[in-house]
Amino acid sequence: MAVFVARQAVFNRRQQVVAYELLFRDSLKNSFPDVSESTATARLIMENQLNLGTRHITSGKKALINIGPESLKLDLCAFLPTQDVVIELLETMEPTDENYEYCRELFHNNYKLALDDFVYQPEWDRFLKLIRLIKFDVQQTPFEEIAPVVNKLKKHKKIKLLAEKLETADDYDKAYKMGFDFFQGYFFAKPKMIQHRDIDYNYALVLSIYAEVMRPDPNISEIAGLFSLDTALAYKLLRLINSGVFPIKSKIGSLKQALVYLGHERLKKFVSLIITAHSAQSKPAELTRLCVFRARFCELIAQRVAKQQTGEAFLTGLFSLLDAILDQPMEKLLDRLPFPDEIHAALMQEKNILYYILETVKAYETGSWWALEQAVAYLSIESADLPKIYENAVNWSDSCRQNL
């Protein structure tokens with residue numbers, strides 16, 4: 001598939017390119033698309049850092065990567081190599097205690113931090129010891145308002161200053177005389193679009209990996225087997241290992257070895273990155289959470305009525321909304337998955353025990369009591385038992401949501 005990114009050069013006082021800001025794009029249209037900040041950052045990482053690598057796009061120079069409050073909270077910075085990037089904290093970030101702790105952790109992990117579109121408030125003072133670059137938008141804040149802040153910041157010898165949105169020679173001349181270290185804007189160069197190829201991955205398998213990763217004792221062999229079913233996912237995993245984010249002490253000879261090396265916590269973050277990158281809107285993320293809840297609900301019902309099919313019941317619930325998530329016909333999606341006939345039939349609305357387990361769950365969700373009584377009658381389970389099963393499923397899926 002085609003993927004896109006724009007890069008805009010950053011110049012020093014000798015008008016030499018020293019870095020590039022990378023800007024997420026989802027088409028040849030050179031503007032920011034209508035997606036959330038965290039989705040944009042996750043896709044930028046998935047499609048670029050975990051594809052060709054940022055160094056390829058920036059010709060070996062530093063990359064400025066935008067990170068907003070949600071991306072900071074999701075720890076998406078963990079997938080960026082400290083030596084290659086500057087973390088550009090967006091102007092939407094508040095100078096709160098929580099964000100200060102996030103920034104302090106990044107600083108101590110050797111990330112270089114920048115503040116974007118900076119407007120001074122006293123609350124930012126404690127952050128300044130963690131910051132190495134501050135950007136001023138000269139179109140947003142007039143030079144006469146910037147001047148006293150620039151003079152104040154010059155006392156911090158480790159902080160460099162960048163003037164952005166420079167559109168004319170006069171803008172550049174004023175910024176230069178004011179003592180800015182770096183410059184960026186249309187006066188020098190507009191963002192340049194770059195198009196390249198990436199491998200599309202099977203989101204259905206991501207859901208399976210997600211479910212297995214969130215189990216109390218995840219089966220690494222099972223997870224490795226799931227990764228092995230999709231070239232794109234296996235490639236992303238190995239690119240992550242070899243992306244410069246983690247030091248490699250020995251060669252990686254198998255997907256299982258890669259997973260062991262990554263560790264459980266990093267693996268959870270990696271799966272979270274994939275899901276976030278896919279969630280162009282809120283709908284897929286919410287549907288993903290509902291799928292996980294349904295999977296557990298189906299599994300718990302199967303433990304009572306079909307113990308030999310608990311695993312199949314779990315998968316039936318997990319993939320019950322796949323057509324809605326991917327906006328594709330269920331039949332077409334199932335052709336890409338190595339499911340037993342029973343699961344395939346249930347998801348295609350053919351009546352078997354897995355179908356009735358799923359129908360019980362769907363009826364309970366929607367309060368369709370007539371449909372519920374029909375389904376439980378077929379399963380020979382009392383509807384009075386369902387509230388407790390439902391509560392257990394909710395608690396389990398909530399714990400998955402908190403931990404991922």
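# Worked exercises on a predicted protein model

In this predicted model, mean pLDDT among the elements of the protein chain is lowest for helix α14 (residues 322-326), at 78, and highest for strand β5 (residues 112-115), at 98. Over the protein chain the average pLDDT is 87, and 96% of the residues score at least 70.

## Exercise 1: the nonpolar cores

Task: Describe the largest nonpolar core, and state which helix gives the most to it.

Solution. Begin with the extent of the largest core, which has 129 residues, and then with the residues that have the most contacts inside it, namely Ile134, Phe136, Phe180, Phe227 and Phe270. Helix α12 (residues 282-305) gives the most to this core, contributing 10 residues. A second, separate core has seven residues, among them Val10, Leu64, Ala114 and Leu162. As a last step, take Phe180 and set aside its neighbours within four places in sequence: the residues in contact with Phe180 then include Arg13, Phe136, Ile146 and Leu162.

## Exercise 2: an aromatic pair

Task: Determine how the rings of Phe118 and Phe136 are arranged, and decide whether each residue is buried or exposed.

Solution. The search of the whole structure finds 25 aromatic pairs. In the pair of Phe118 and Phe136 the centres are 5.9 Å apart and the planes make an angle of 85 degrees; because an angle over 60 degrees counts as edge-to-face, the pair is assigned to that class. In sequence the two are 18 residues apart and belong to distant parts of the chain, with Phe118 in the loop between β5 and β6 (131-137) and Phe136 in strand β6. For the burial step the cut-off is under 20% relative accessible area, so Phe118 counts as buried at 4%, and Phe136 likewise counts as buried at 2%. Both residues belong to one aromatic cluster that also includes Tyr100, Tyr120, Trp124, Phe127 and Phe180.

## Exercise 3: charges over rings

Task: Identify the rings over which the charged ends of Arg7 and Arg13 sit.

Solution. For Arg7 the ring is that of Tyr20, with the charged end 4.0 Å from the ring centre. For Arg13 the ring is that of Tyr176, and here the distance to the centre is 3.7 Å.

## Exercise 4: salt bridges

Task: Place the salt bridges Glu47 to Arg43, Arg55 to Asp84 and Lys165 to Asp137 along the chain, and give the burial of their partners.

Solution. The count for the structure comes to 16 salt bridges.

1. Glu47 and Arg43 have their closest N and O atoms 2.9 Å apart; because they are four residues apart in helix α1 (residues 37-49), about one helical turn separates them, and both Glu47 and Arg43 are buried.
2. Arg55 and Asp84 meet at 2.6 Å, N to O, and the pair links distant parts of the chain, 29 residues apart, with Arg55 in helix α2 (residues 54-57) and Asp84 in the loop between α3 (69-73) and β4 (85-89). Arg55 counts as partly exposed at 43% relative accessibility, whereas Asp84 is buried at 7%.
3. Lys165 and Asp137 have their closest N and O atoms 3.2 Å apart; Lys165 lies in the loop between β7 (160-164) and α6 (169-178) and Asp137 in strand β6, so the pair ties together parts 28 residues apart in sequence. Lys165 is partly exposed, with a relative accessible area of 38%, while Asp137 counts as buried at 7%.
4. Finally, Glu21, Glu88, Lys135 and Glu164 are joined into one network by salt bridges that share partners.

Note on methods: Residues numbered from 1 in each chain as written. Predicted model: local features only at pLDDT ≥ 70, side-chain atom pairs only at ≥ 80, totals over all residues. Heavy atoms only, no water. pLDDT = per-residue confidence, 0-100. Core = buried A, V, L, I, M, F, W, Y, C linked by side-chain atoms within 4.5 Å. Buried < 20%, exposed > 50% of the residue type's maximum accessible area, 1.4 Å probe, protein only. Contact = heavy atoms within 4.5 Å. Phe/Tyr/Trp six-rings, centres within 6.5 Å; stacked < 30°, edge-to-face > 60°. Lys NZ or Arg CZ within 6 Å of the ring centre and 35° of its normal. Salt bridge = Lys/Arg side-chain N within 4 Å of Asp/Glu carboxyl O.
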